[in-house]
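Welcome, and thank you for taking a look at this one. Here are a few notes to help you find your way around.

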Amino acid sequence: MTDTSSRPDVLVIGAGVVGAACAYYCTAAGLRVEVVERGAIGGGTSGAGEGNILVSDKAPGPELELALLSSRLWRELGAELGAEALEYEAKGGVVVAGSTETAEGLRRFTAGQRASGVHATDIGPDELFALEPRLTREAVGGAHYPQDAQVQPVLATAHLLRHARRCGARVHCGTRVTGFIRDRHDAVIGVRTDSPTAPVRHARWVINAAGTWAGELAGLAGAPVPVLPRRGFVLVTEPLPRVVRHKVYTAEYVANVASGDAGLETSVVVEGTRGGTVLIGASRERVGFDREMSLPVLRKLAAQAIGLFPFLSEVSLLRSYLGFRPYCPDHLPVIGPDPRAPGLLHACGHEGAGIGLASATGHLLAQRLTGAEPDLDLTPFRPQRFAEATA
């Protein structure tokens, strides 16, 4: 008989912020955890993100409910792990309308959000400029979202995993999963890896938190989910005084987030960091894992940022970087157990909201694995929903 006393309860694939949150909450719930990561901690999408924890860009529905739960949990994490350590900042968000028509549409949007529990205040030009004095005077109004916040994503990932390790979790970097192990009942009981010292790792449950590679891994398990990479660029300015006080974006950003178009889409997002740099995004395009830098995209983002904050025309750029959002066609993440592969759970497909939604994802899966009453119904995020749609 095989000795199972040293086997973890949970094996998490992926040491990005979602996998780190799964490890954190599972260890906090008393489960034994191992994490395997093909690269470095936070070295994928998490390391290429801006650290947004947003409710402002989500329409009423399951994702907004998930975001509201996650917003509360991130506040609790800031209190427990240290806001300074995570660079957690409840800076709030400001959405800008450039025309009366856009402002009217934004007011309809905020009304629906308020009915779902979002703190959103419609504001006119005077209030808008009081919140962000350097905004373009062509703005006609907008909305203020005090619940929006930000963390430094790599620091947050590292601290979540550090706490999990203190609770007994083991983390193995540079370890690629190459397959899944099943028992005689066809349940997933572990993974195969490229590690020369531990090519096989067993666990009671396996969580697929592999980010943009989650679709490939799900396929290896015989439980495919359509997670695809969606490339985005970010510009970084020279360090400045505190010139941008909130996360600021145009109302068009919400439409681009919800769009499924494969072609290039850009809508300006501008925010400051504690280090003084200003981050400028956001672009979206489905080009596979093409890492080629695109000067036309960078120029477009810069021009849109100057249109929102004219003073940026006199500011130097330090660098730019890109990352790949794990995109699902219906714009909802995949969270929960997969009935097609018992023992396998998914925590992936969050697209550009992974950092913000990570805490709720890990928390809900830990509740599911320990039999606790879940804070949210995971049905809308079920992995098999895509197969159901094509059945």
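1. A word on terms before we start: contact means heavy atoms within 4.5 Å. Please also keep in mind that this is a predicted model.

2. Let's begin with the sheet. It is open and built from six strands, and its pairing is mixed. Reading across, the order is β8-β2-β1-β12-β19-β18. At the edges sit β8 (170–172) and β18 (334–337), each of which pairs on one side only. From one strand to the next, the twist averages 20 degrees.

3. Within that sheet, have a look at β1 (residues 10–13) and β12 (residues 205–208). These two strands run parallel and are joined by four bridges. If you would like a spot to zoom in on, Val12 stands opposite Ile207 in β12.

4. Next comes helix α6, residues 153–166. Its 14 residues, at 1.5 Å a residue, should span 20 Å, and the end C-alpha atoms are 20 Å apart, so the two values agree.

5. Which residues of α6 are buried? They are Pro153, Ala156, Thr157, His159, Leu160, Leu161, His163 and Ala164. The elements covering these buried residues include α1 (17–28), β2 (33–36), α2 (62–81), α3 (83–86), β8 and α10 (354–370). You have already met two of them, β2 and β8, in the sheet.

6. Finally, the two ends of α6. At its start, a side-chain oxygen of Gln152 comes to within 2.9 Å of the backbone nitrogen of Val154. After the helix comes Gly168, which has a positive phi, near 105 degrees.

Terms used
Residues are numbered from 1 along each chain as its sequence is written. This is a predicted model: local features need pLDDT of at least 70, side-chain atom pairs count only at pLDDT 80 or more; totals for chains, interfaces and linings use all residues. Side-chain values use heavy atoms; hydrogens and water are left out. Two strands pair if DSSP finds at least two bridges between them. Axes are lines fitted to C-alpha atoms, for helices over the stretch in contact, and angles run from 0 to 180 degrees between N-to-C directions. The expected span of a helix is 1.5 Å times one less than its number of residues. Buried means under 20% relative accessible area, exposed over 50%, partly exposed in between (1.4 Å probe, protein chains only). A polar contact is a pair of N or O atoms within 3.5 Å; within protein, one must be able to donate a hydrogen and the other to accept it, and residues adjacent in sequence count only if both atoms are side-chain atoms.
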